[in-house]
Amino acid sequence: MAAPVPGRRPPLPYIGRSGWNTLRLDGGIPDDELIEAVDGSYDAVVAKLPKRERPTA
């Protein structure tokens, strides 16, 4: 993913052990970067599921 740009990601008061971030959806982040971030998050979550619960497609 591209380097962070000030103002695109608000500072978080707390980041859990998973390191999740909040992304603003007000047009400040290009759609392709949002899609990349969502896809990466989805892949990270699915990778932690037991194999029997992972999607097959």
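Let me begin with V38, a residue whose place is in helix α1, and please keep in mind as I go along that the model we are looking at is a predicted one. V38 has a relative accessibility of 55%, and because anything over 50% is called exposed, V38 counts as exposed. If you follow the chain back to L23, you find that V38 and L23 are 15 residues apart in sequence, while in space their C-alpha atoms are 9.8 Å apart.

Now let us turn to the helix itself. Helix α1 covers residues 31-48, and you may like to check its length with me: at 1.5 Å a residue, the 18 residues of α1 should span 26 Å, and since the C-alpha atoms at its ends are 26 Å apart, the expected value and the model agree.

Which residues of α1 are buried? They are E33, L34, A37 and V46. It helps here to remember that an α-helix has 3.6 residues a turn, so residues three or four places apart point the same way.

On the surface, a patch of negative charge is formed where D31, D32, E36, D39 and D43 gather, and of these D43 has its place in helix α1.

Finally, a word on salt bridges, of which the structure holds 1. The partners are R52 and E53, and their closest N and O atoms are 3.9 Å apart, which counts because the cut-off is within 4 Å. As for how open these partners are, R52 counts as exposed because its relative accessibility is 72%, whereas E53, at 46%, counts as partly exposed.

How values were computed. Residues numbered from 1 in each chain as written. Predicted model: local features only at pLDDT ≥ 70, side-chain atom pairs only at ≥ 80, totals over all residues. Heavy atoms only, no water. Patch = residues over 30% accessible without salt bridge, like charges linked within 9 Å, V, L, I, M, F, W, Y side chains within 5 Å. Areas by Shrake-Rupley, 256 points an atom, 1.4 Å probe, with all protein chains shown as cover. Salt bridge = Lys/Arg side-chain N within 4 Å of Asp/Glu carboxyl O. Lys, Arg positive; Asp, Glu negative; His and termini not counted. Charge placed at Lys NZ, Arg CZ, Asp CG, Glu CD. Helix = DSSP H or I, 4+ residues; strand = E, 2+ residues; numbered from the N terminus. Expected span 1.5 Å × (residues − 1). Buried < 20%, exposed > 50% of the residue type's maximum accessible area, 1.4 Å probe, protein only.
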